[in-house]
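This briefing goes with the sequence and structure shown below. Please keep both in view while reading the points that follow.

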Amino acid sequence: MHSNFAREGSKMAHPVDVHVGQRVRQRRWMLGMTQQQLADAVGIKFQQIQKYETGANRVSASRMFEIAGAMGVSISFFFEGLAGQAAEGEDARGDVLTDREALQLVRVYYSIPEAQRRRLFDLARVLSDAA
């Protein structure tokens, strides 16, 4: 293989596989979906979802297509931010979508009826301006 990251027989996950796995986990959390629910939706065992999310196993193109469909996103969603990360060496911890609390907040926010959500958003904007 031509990649600097490829290591025959190595247990080290490829950075692209790790990034894709993180995006799968982020989207799953935003949807409030369990690993079991995602696995059932694509016809695999939840342990395989765990391996995808950690980057331990590479997601095939056909499986990525199925996962994207089950999660209501395009395949490109899983690669968003990858080019900038590789070019700038961005730390994944700086991404708000890697924070479990932030993901829970987004999920809860979208579960609120639209009229109340708009008022909550306006309140948050006022509070952030005051800070």
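What follows covers the overall fold, the salt bridges, and then several local features.

The model is predicted. The protein chain has 7 helices and 0 strands, and its pattern along the sequence reads α-α-α-α-α-α-α. Of its 131 residues, 26% count as buried.

**Overall fold and surface**

- Among the contacts in the protein chain with a separation of 6 or more, 59% join residues that are 24 or more positions apart.
- The protein chain exposes about 9,000 Å², and carbon and sulfur atoms supply 55% of that area.

**Salt bridge between H1 and the H4–H5 loop**

- The count of salt bridges comes to 6.
- One of them pairs Glu 80 with Arg 23, with 3.0 Å between the closest N and O atoms.
- Glu 80 lies in the loop between helix H4 (61-71) and helix H5 (82-88), and Arg 23 lies in helix H1 (residues 15-31), so the salt bridge ties together parts that are 57 residues apart in sequence.
- The two partners have different burial classes: Arg 23 counts as buried at 6% relative accessibility, whereas Glu 80 is partly exposed at 43%.

**Salt bridges within single helices**

- Arg 63 forms a salt bridge with Glu 66, and their closest N and O atoms are 2.7 Å apart.
- Arg 63 and Glu 66 are 3 residues apart in helix H4, which means that about one helical turn separates them.
- Glu 66 counts as partly exposed, with a relative accessibility of 36%.
- An α-helix has 3.6 residues a turn, so residues three or four places apart point the same way.
- In helix H7 (residues 114-130), Arg 118 and Asp 122 are 4 residues apart, about one turn of the helix.
- The side chains of Arg 118 and Asp 122 meet in a salt bridge at 3.7 Å, N to O.
- Both partners in H7 are partly exposed: Arg 118 has a relative accessibility of 48%, and Asp 122 has a relative accessible area of 35%.
- Elsewhere, Arg 25, Arg 28 and Glu 53 are joined into one network by salt bridges that share partners.

**A buried arginine without a salt bridge**

- Arg 117 is found in helix H7.
- Arg 117 is buried yet has no salt bridge.
- What is the nearest side chain of opposite charge to Arg 117? That side chain is Glu 114, 4.6 Å away; a salt bridge would need a nitrogen of the arginine within 4 Å of a carboxyl oxygen.
- Apart from neighbours within four places in sequence, Arg 117 is in contact with Tyr 109, Tyr 110 and Ile 112.

**The buried side of helix H3**

- Helix H3 (residues 46-54) has Ile 49, Tyr 52 and Glu 53 as its buried residues.
- These three cover an arc of only 95 degrees around the axis, and therefore lie on the same side of H3.
- The cover over the buried residues of H3 includes H1, helix H2 (35-42) and H4.
- Glu 53 thus appears in two settings: it is one of the buried residues of H3, and it belongs to the salt-bridge network with Arg 25 and Arg 28.
- Gly 55, just after H3, takes a positive phi of about 85 degrees.

**A nonpolar surface patch**

- Phe 65, Ile 75 and Phe 79 form a nonpolar patch on the surface.
- Together, these residues have about 290 Å² of accessible area.
- Ile 75 is found in the loop between H4 and H5, and is partly exposed with a relative accessible area of 32%.

**Gly 32 in the H1–H2 loop**

- Gly 32 is found in the loop between H1 and H2.
- Is Gly 32 buried or partly exposed? At 35% relative accessibility, Gly 32 counts as partly exposed.
- Gly 32 and Gln 104 are 72 residues apart along the chain, and their C-alpha atoms are separated by 8.3 Å.
- Leaving aside neighbours within four places in sequence, the contacts of Gly 32 are with Gln 37 and Arg 107.

Note on methods: Residues numbered from 1 in each chain as written. Predicted model: local features only at pLDDT ≥ 70, side-chain atom pairs only at ≥ 80, totals over all residues. Heavy atoms only, no water. Buried < 20%, exposed > 50% of the residue type's maximum accessible area, 1.4 Å probe, protein only. Contact = heavy atoms within 4.5 Å. Areas by Shrake-Rupley, 256 points an atom, 1.4 Å probe, with all protein chains shown as cover. Lys, Arg positive; Asp, Glu negative; His and termini not counted. Patch = residues over 30% accessible without salt bridge, like charges linked within 9 Å, V, L, I, M, F, W, Y side chains within 5 Å. Arc of directions from axis to C-beta.
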